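Colleague: Could you walk me through this one, slowly please?

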Amino acid sequence: MASATAPGKVILVGEHAVVYGRPAIAAPVWQVAATATIAAAAPGAGCTIVASDLGQALQLAEAGEDEPLAVVARLTLARLGVNSIPDWRIELHSDIPIASGLGSGAALSTALVRAIFAQLDRPAPPAVVSELVYESERFYHGAPSGIDNTVVAYGQPIWFVKGQPPQPFTLAAPMLLAIADTGIRSPTVLTVSKVRAAWQQDRARYEAIFDAIGDLVHAVRSALERGDASAVGSLFNENQALLKSIGVSCDAIDVLVNAARTAGASGAKLSGGGGGGNIIALVEPATAPAVHAALLAAGARRVIVTAFGA
Ligand code: MEV
């Protein structure tokens, strides 16, 4: 019997532009998680993957190439030199809401990959886990940058540029985030393809916006490294304005972002694909309770207050 856990994630800055080669910063969120547990099944039973929270149960031998969990399980077994399907029952659980910008797909796949490594008594280096999970991310995101699988597999704040090894980095001081769910499910694959279609129509405009987002991401990194929360907050606000200009915000996001700012957050923005999902607000210990209450009063389904870089 083996089990493994993987965290949710937030993109602090740089979503969407990261798909077009600009940097982005992401951090894990340990308050929400996915877990995979593997138990031996009767000989000849084959491998069943049960994700009861998603209402899914599949037989690995029969699942098609359009089943991300089956694809990642097969790739992982092949990577570990297992050429026949083992007799296992794999149970997956997650309290990360799907299609909400918190990396639910990456977390489920990461927990699954790690549990398979553990069941076979093999160490699971983050780079290898991340590479395997990327293959399932293609189903959720279309043309993913790879940031979600990377931050979830490494489990620490990262500086990420597509196609390059991630750079884990250290903050001068931990920062506090309020993460609030609009309750609107918005699959990342849809917002990523919407942005791609608009970029194809007007590349010059979109490239200029992505450049501006890339500049912001550099500025956030230096503000995080010198512990300047107020600068990080202002940069969050600037990033939100640019994300709005490419059409990935929505009324529910705008309402929560404004509620957080009015209640004292130093900045707030959508996080992840947008179109719904979660927003993040940078808060201080003194402002966190008021921001938390204001977000709930403004309609947030759930608010998590978490430190990152601790
Ligand atoms: C999703 O968490 C982040 C996006 O930039 C998509 C991606 O990077 O693959 C929207």
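Colleague: How are H5 and H6 oriented to each other?

Modeller: This is a predicted model, in which local features need pLDDT of at least 70, side-chain atom pairs count only at pLDDT 80 or more, and totals for chains, interfaces and linings use all residues. Residues are numbered from 1 along each chain as its sequence is written, and side-chain values use heavy atoms, with hydrogens and water left out. The axes of helix H5 (residues 188-201) and helix H6 (residues 203-226), lines fitted to C-alpha atoms over the stretch in contact, come within 5 Å and cross at roughly 120°. H5 and H6 are therefore oblique, a word for angles outside the classes under 35 degrees, over 145 and 65 to 115.

Colleague: And which residues of H5 and H6 make the contact?

Modeller: From H5 there are Val195, Ala198, Trp199, Gln200 and Gln201, and from H6 Arg203, Tyr206, Glu207 and Phe210, where contact means heavy atoms within 4.5 Å.

Colleague: Switching to the ligand, how many residues surround it?

Modeller: The ligand is surrounded by 15 residues, and the closest are Lys9, His16, Pro144, Ser145 and Asp148, counting a residue if one of its heavy atoms lies within 4 Å.

Colleague: How far is an oxygen atom of the ligand from the side chain of serine 145?

Modeller: An N or O atom in the serine 145 side chain is 2.6 Å from a ligand oxygen atom, while for lysine 9 the corresponding distance is 3.0 Å. Aspartate 148 has a polar side-chain atom 2.9 Å from an oxygen atom of the ligand.

Note on methods:
Axes fitted to C-alpha atoms, helices over the stretch in contact; angles between N-to-C directions. Helix = DSSP H or I, 4+ residues; strand = E, 2+ residues; numbered from the N terminus. Polar contact = N/O pair within 3.5 Å; in protein donor to acceptor, adjacent residues only side chain to side chain.
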